[in-house]
Amino acid sequence: MTETQFTPRVFSGIQPSGNLHLGNYLGALKRFVDMQKPDIETIYCMVDLHAITVWQDPKELAHSTRELCAGFIAAGLDPEKSILFNQSQVPEHAQLAWIFNCVARMGWMQRMTQWKDKAGKNQQNASLGLFAYPSLMAADILTYHATHVPVGDDQKQHLELTRDIAIKFNHDYGVDFFPITEPVIEGAATRVMSLRDGSKKMSKSDPSDMSRINMTDDADTIAKKIRKAKTDPEALPSELDGLDERPEARNLVNIYAALSDQTAEQVLVEMGGKQFGEFKPMLAELAVSKLAPISSEMAHLMGEQAEIDRILAKGAEKARAVAAPILQQTYEIVGMVGAKQG
Ligand code: AQP
């Protein structure tokens, strides 16, 4: 099967499970914006059904969903150019996920590192939804026949599983129906690390707020978090291999590179020889200059909740127009009686 038989279409999503942070922004959102171009359809989703795989307070979930939508728009996604919606308004995601639950194998799911990390030693008490998460993610993508999915590095394994599900479905039913999706994991900051521990990824669920920069942080807080970020006593090297075995230094250089649309190599040409006492204020200034306009626009948009709800409802309608016929055809392929229309 060739991928070229499918019209190029981009899909990705972010969970409204807490504060949007710099990792989400550089690894995903900023790249969603880069991919918003006239010649390609872009579909971006607030994946609220994924969020409830771990407990969410209902009021906070609704707030986070609207805030995430505000973040999408403030970062540069235009509801006239991209389809923006929250997952639960398009039931085709959950319907296709059930079909995929019957395609994916237990062994595939048990190998997922996110399942192992999040369920930890307490797997018996984790939700069934958390286990089935990657199957719903495959449905999110494939219900649009998406060909390209921009994500951070941590989602690579789930994207491979999406491909495995598409391949198995196509093989089992003898069709060339689902595309073999390409992950798009690019840029200088595909895995932004915690500011407190260079071996852990920056994450919404890290108990330490100092470990991450939230998109809603004010300028002083951003500067303070960068000033206090863990580093080492050495100056920055002029070449990349000088950052081997220096994960915290490497992380700050990657963040600087991604924020300034450069490669890490280019940053080191400019910054090599500088101590962190000099580099950190430069990074803080850059971060504030890029993030402050987004956070102030987010705050502004959050004052217009009815408008956000309208954008989400309109986006969901457009998304359903793409997803419903694909689900319909899937039902026909599977042999669901009554699936054929007309
Ligand atoms: N640290 C990161 N660096 C680069 N990209 C990242 N992403 C997340 N963290 C980083 C990317 O952001 C997108 C949306 O992520 P998500 O919120 O749907 O899921 P997540 O990976 O579970 O995010 P968190 O912050 O790590 O949440 P918790 O703490 O709940 O697990 C994805 O494209 C992801 O790769």
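Helices (H or I, at least four residues) and strands (E, at least two) are taken here as DSSP runs, numbered from the N terminus. The model is a predicted one, so to speak of local features a pLDDT of at least 70 is needed, side-chain atom pairs count only at pLDDT 80 or more, and totals for chains, interfaces and linings use all residues. Residues are numbered from 1 along each chain as its sequence is written, and side-chain values use heavy atoms, with hydrogens and water left out.

On that footing, the chain holds 13 helices and five strands. Its C-alpha trace spans about 70 × 45 × 45 Å along the principal axes. The radius of gyration, taken over C-alpha atoms, can be set against a globule rule of 2.2 Å times the number of residues to the power 0.38. For 342 residues a compact globule would come out near 20 Å, and the chain, at 21 Å, agrees with that.

Burial is judged by relative accessible area: buried means under 20%, exposed over 50%, and partly exposed in between (1.4 Å probe, protein chains only). By that yardstick, 49% of the 342 residues count as buried. Accessible areas come from the Shrake-Rupley method with a 1.4 Å probe, and for residues only the protein chains shown count as cover. The chain exposes about 16000 Å², with carbon and sulfur atoms supplying 51% of it. Contact means heavy atoms within 4.5 Å. Among contacts between residues at least 6 apart in sequence, 75% join residues at least 24 apart.

As for charge, Lys and Arg count as positive and Asp and Glu as negative, while His and the chain ends are not counted. Each charge is placed at NZ of Lys, CZ of Arg, CG of Asp or CD of Glu. That gives 36 positive and 45 negative side chains, and the centres of the two sets lie 4 Å apart.

Helix 7 offers two residues to look at, Ile141 and Leu130. Ile141 is buried, with a relative accessible area of 1%. Its contacts, leaving aside residues up to four places away in sequence, are Phe11, Ala146, Val149, Leu159, Thr162 and Thr181. Phe11 sits 130 residues from Ile141 along the chain, yet their C-alpha atoms are separated by 6.1 Å. Leu130 is buried too, at 7% relative accessible area. Leu130 touches Thr53, Val54, Trp115, Lys118 and Ala119, again not counting residues up to four places away in sequence. Between the C-alpha atoms of Leu130 and His50, 80 residues apart along the chain, the separation is 8.0 Å.

Just past that helix comes His145, in the loop between helix 7 (128–142) and strand 4 (148–150). His145 is not a glycine, but its phi is positive, at about 50 degrees. With a relative accessible area of 12%, His145 is buried. Glu245 also has a positive phi, near 65 degrees, in a residue other than glycine. Glu245 belongs to the loop between helix 9 (219–227) and helix 10. At 78% relative accessibility, Glu245 counts as exposed.

Helix 10 itself (residues 247–259) contains Asn254. Asn254 counts as buried, with 11% relative accessibility. Three alanines, Ala188, Ala189 and Ala264, are touched by Asn254 once residues up to four places away in sequence are set aside.

Further along, helix 13 (residues 305–334) carries Ala319. Ala319 counts as buried, with 0% relative accessibility. Ala319 makes contact with Ile83, Phe85, Val90 and Tyr144, not counting residues up to four places away in sequence. The C-alpha atoms of Ala319 and Leu84 are separated by 8.3 Å, although the two residues are 235 apart along the chain.

Finally, the cysteines. A disulfide is a covalent bond between the sulfur atoms of two cysteines. Here a disulfide is taken as a pair of cysteine sulfur atoms within 2.5 Å. By this rule the count comes to zero disulfides. Cys45 is in no disulfide, and the nearest cysteine sulfur, that of Cys69, is 11 Å away. Cys69 is likewise in no disulfide, its nearest cysteine sulfur being that of Cys45, at 11 Å. Cys45 is buried, with a relative accessible area of 0%, and Cys69 counts as buried at 0% relative accessibility.
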